[in-house]
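Q: I have a structure I have not looked at before. Can we go through its charged pairs and one helix contact?

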Amino acid sequence: MDTRNIDDFQTQVSELLIRHRSVLDVMSKVQETASRINRSLTKAITECGCVEVVAKKQTYDSSKNLEDHKSQLDTHFSGPLCEHCRDVVTAELGKNLFYLTALCNITDIKLEDVIEQERERLNTLGVFNLT
């Protein structure tokens, strides 16, 4: 996504967010939409069955390098989402992005800057960033 698209999206969110403009409302909506993402994935697993979770302990051998582990560690997520579940999860992700962007607007932070700063942090710290 180029920066113009990100800026346009942020402007559009600013224009469309009318009812829940309070920072408290937006913070709770970010949490609610994150929960709805979790719920939609759970339903894809437990109700639809198009995907499944096959989880077991992740083994980590300290004598191997990080690149070797990257290919061996598992997401525990198995199978492709069916079209219906993909549409639902995509919609829920979009709502979460909407409210996250609204939070950026309230705090006068450009979403583009957030993405760029995180990208730079990831480039600098690499795999050690999230450990």
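A: What follows covers salt bridges first and then the packing of two helices; note that this is a predicted model.

Q: How many salt bridges does the count come to?

A: The count comes to 9 salt bridges. As background, side chains of opposite charge can pair when their charged atoms come close.

Q: Start near the beginning of the chain. Which side chain meets Asp8 in a salt bridge?

A: That of Arg4, with 3.9 Å from N to O. Both residues belong to helix H1, which covers residues 3-16. Asp8 and Arg4 are 4 residues apart, about one turn of the helix.

Q: Is Arg4 buried or exposed?

A: Arg4 counts as exposed because its relative accessibility is 59%, and the cut-off for exposed is over 50%. Its partner Asp8 has 36% relative accessibility, so Asp8 counts as partly exposed.

Q: OK, on to helix H4. What does Glu92 form a salt bridge with?

A: With Lys95; the closest N and O atoms of the two are 3.9 Å apart. Glu92 and Lys95 lie 3 residues apart in helix H4 (residues 83-106), which is about one turn of the helix.

Q: And is Glu92 buried or exposed?

A: Glu92 is at 6% relative accessibility and therefore counts as buried, since buried means under 20%. Lys95 has a relative accessible area of 39%, so Lys95 is partly exposed.

Q: Which residues are linked with Lys110 in a network of salt bridges?

A: Asp7 and Glu112 are linked with Lys110 in that network. For the pair of Glu112 and Lys110, the salt bridge has an N to O distance of 3.9 Å. Lys110 counts as partly exposed, at 38% relative accessibility.

Q: Change of topic: helices. What describes two packed helices?

A: Two packed helices are described by the angle between their axes and the distance between the axes.

Q: So at what angle do H1 and helix H5 pack?

A: At about 135 degrees, and their axes are 8 Å apart. H5 covers residues 111-125. That angle makes H1 oblique to H5, because angles over 145 degrees count as roughly antiparallel and 65 to 115 as roughly perpendicular, with 135 degrees falling in neither range.

Q: Which residues make the contact?

A: From H1, the contact is made by Thr3, Ile6, Asp7, Phe9 and Gln10. From H5, Leu111, Glu112 and Ile115 take part.

Q: How many of them are nonpolar, polar and charged?

A: By class, the contact of H1 with H5 has 4 nonpolar, 2 polar and 2 charged residues. Asp7 and Glu112, both in this contact, also belong to the network of salt bridges with Lys110.

Conventions. Residues numbered from 1 in each chain as written. Predicted model: local features only at pLDDT ≥ 70, side-chain atom pairs only at ≥ 80, totals over all residues. Heavy atoms only, no water. Salt bridge = Lys/Arg side-chain N within 4 Å of Asp/Glu carboxyl O. Helix = DSSP H or I, 4+ residues; strand = E, 2+ residues; numbered from the N terminus. Buried < 20%, exposed > 50% of the residue type's maximum accessible area, 1.4 Å probe, protein only. Axes fitted to C-alpha atoms, helices over the stretch in contact; angles between N-to-C directions. Parallel < 35°, antiparallel > 145°, perpendicular 65-115°, else oblique. Contact = heavy atoms within 4.5 Å. Nonpolar A, V, L, I, M, F, W, Y, C, P; charged D, E, K, R; others polar.
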